[in-house]
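Work through the exercises below with the sequence and the coordinates at hand. Each task is followed by a worked solution.

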Protein chains: 4
Amino acid sequence: MWQNINNKLYQKFTFNNFSEAFAFMTRVAIEAEKANHHPLWTNVWNTVEIWLSTHDAGDIITKKDEDLAKAIDALLT
Amino acid sequence: MWQNINNKLYQKFTFNNFSEAFAFMTRVAIEAEKANHHPLWTNVWNTVEIWLSTHDAGDIITKKDEDLAKAIDALLT
Amino acid sequence: MWQNINNKLYQKFTFNNFSEAFAFMTRVAIEAEKANHHPLWTNVWNTVEIWLSTHDAGDIITKKDEDLAKAIDALLT
Amino acid sequence: MWQNINNKLYQKFTFNNFSEAFAFMTRVAIEAEKANHHPLWTNVWNTVEIWLSTHDAGDIITKKDEDLAKAIDALLT
C-alpha cells in the first residue's frame, strides 16, 4: 500500500534478489516514460523504494502520482 | 523445455505483454554477462526466442550453453 | 540508414560490446512502449537488428514504423 | 570523480534525459551483478546518485567498492 509521507506517495517493494528488483525497475521505468512522470527512487539489492510527487504542482501529490502508483501496482498483480 | 535444434539449444518463452517480456530479457542479459556467454535472441511483443550455442567450439552445444539454459530457467521458477 | 526489405524497415546497429547493445535495447524498449508499437528485433553480443512493420495494416510499412525508426535514430545522435 | 563521504564512495551522474539515465543504470546493474556487489543508488529523471560501501566489512569502503567504481567509470569513457 502506498502511504502519504510528507506530500509524497511512498511505497517500499521487496524482492527475492537484485535481478528481480531490477527487472521491476525496468518495468517501472517504462511506465514512468509512458506517463512522462518520473519517480524519485532508491534501490539496494532486493529493495526498491519509490516516492511520487509532482514538482510542477509544487511538490505535492496530484492525479499524475496516483495514476503512476496504480500503473506500478498493476505490474505486480 | 529446451530443444536441440540444429546444434543449438532453443526455447520460446511467452509472456502477458511486452513489459513482462522485456523484464525477462533484462534478467537474461544479466545472466549472460555474468557467464560471459551471450545468446542469439529475438523478441516480438510478448514472445522471446532464445538460441544457445558456443561459437568458439564450432557452433555446437557445450556445457556453457547448458549452464546458461539452467540459469535462464531458474529465473522463471 | 533504414532499408526497405520485404515490406519492413530494417537496420543493423553495432556497438562496442553486449552491455552497450543492451543499454540501447532498453532505450528502444521504452520508445516502443511509448508508441505502443513493437519491433521484431534480434541481438547477438554487440549487434542489434531491428525490423519494423505494422501487423494491423497487413504487415506493411506505415507512418507508425517511420515514426519509431526516427525515435530510434534520435537515441543515437 | 568519486568522493569519500561518510565511509562511502559517492558520485552523482547527470544525463540528457531519463532514457539515457536508465540505460546507464541498466549497465551499472549488469556490472553490480557481475561483481556480486550492489550499490545504494537513487534516480530522479536525468540524475543518478551512487553510494558504494561494503556491508560485510562493517559499512566501510573496500577494494570491492573501488573496483565497482572503476567498472562504472569505464562505462562512461
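## Exercise 1: Strand pairing between chains B and C

In E3(C), the residue that bridges to Val44(B) is Leu40(C). The model is a predicted one.

Task: Determine in which sense E3 of chain B and E3(C) pair, and over how many bridges.

Solution. Step 1: take the strand of chain B, which covers residues 40–44. Step 2: count its bridges to E3(C); there are five. Step 3: read the sense of the pairing, which is antiparallel. The pair Val44(B) and Leu40(C) is one of the bridge pairs between these strands.

## Exercise 2: The sheet

Task: Give the order of the strands in the open sheet that contains E3(B) and E3(C), and state which strands stand at the edges.

Solution. Step 1: start from E3(B) and find its pairing with E4(B), residues 47–52, which is antiparallel and has five bridges. Within that pairing, Asn43(B) has Val48(B) as its bridge partner. Step 2: extend in both directions to obtain eight strands in the order E1(B)-E2(B)-E4(B)-E3(B)-E3(C)-E4(C)-E2(C)-E1(C), with antiparallel pairing. Step 3: look at the ends. E1 (3–5) of chain B and E1 (3–5) of chain C each have a single partner strand, so one side of each has no neighbour in the sheet. Step 4: the average twist from one strand to the next is 25 degrees.

Task: Find which strands of chain C the helices H1(C) and H2 of chain C touch when they pack on the sheet.

Solution. Step 1: H1(C) touches E2 (8–14), E3 and E4 (47–52) of chain C, and its direction makes about 25 degrees with that of E4(C). Step 2: H2, residues 63–75 of chain C, touches E2 and E4 of chain C, at about 155 degrees to the direction of E4(C).

## Exercise 3: The contact of chain C with chain B

Task: Describe the side of chain C that touches chain B by element and by residue class.

Solution. Step 1: the contact takes 13 residues from each of chain C and chain B. Step 2: H1 (18–35) and E3 (40–44) of chain C each give two or more residues to this side. Step 3: H1(C) gives the most, with six residues. Step 4: by class there are eight nonpolar, four polar and one charged residues.

## Exercise 4: Helix against helix in chains A and D

Task: Classify the arrangement of H1 of chain A and H1 of chain D from the crossing of their axes.

Solution. Step 1: the axes of the two helices, each covering residues 18–35, come within 11 Å and cross at roughly 175 degrees. Step 2: angles over 145 degrees count as roughly antiparallel, and therefore H1(A) and H1(D) are roughly antiparallel to each other. Step 3: list the contact residues. H1(A) contributes Phe18(A), Ser19(A), Phe22(A), Ala29(A), Ala32(A) and Glu33(A), and H1(D) contributes Phe18(D), Ser19(D), Phe22(D), Ala29(D), Ala32(D) and Glu33(D). Step 4: sort them by class, giving eight nonpolar, two polar and two charged residues.

## Exercise 5: Chain A by itself

Task: State the order of the elements of chain A and test its radius of gyration against a compact globule.

Solution. Step 1: chain A has two helices and four strands, running β-β-α-β-β-α from the N terminus. Step 2: a compact globule of 77 residues would have a radius of gyration near 11 Å, and the 12 Å of chain A agrees with this. Step 3: the C-alpha trace spans about 35 × 25 × 20 Å along its principal axes. Step 4: of the 77 residues, 32% count as buried.

Definitions and conventions:
Residues are numbered from 1 along each chain as its sequence is written. Chains are lettered from A and ligands numbered from 1 in the order in which they are written. This is a predicted model: local features need pLDDT of at least 70, side-chain atom pairs count only at pLDDT 80 or more; totals for chains, interfaces and linings use all residues. Axes are lines fitted to C-alpha atoms, for helices over the stretch in contact, and angles run from 0 to 180 degrees between N-to-C directions. Angles under 35 degrees count as roughly parallel, over 145 as roughly antiparallel, 65 to 115 as roughly perpendicular and the rest as oblique. Two residues are in contact if their C-beta atoms, placed from the backbone, lie within 7 Å. Ala, Val, Leu, Ile, Met, Phe, Trp, Tyr, Cys and Pro count as nonpolar, Asp, Glu, Lys and Arg as charged, and the others, Gly among them, as polar. The radius of gyration is taken over C-alpha atoms; the globule rule is 2.2 Å times the number of residues to the power 0.38. A residue is buried if 20 or more other C-beta atoms lie within 10 Å of its own, exposed if 12 or fewer, and partly exposed in between; C-beta atoms are placed from the backbone. Two strands pair if DSSP finds at least two bridges between them.
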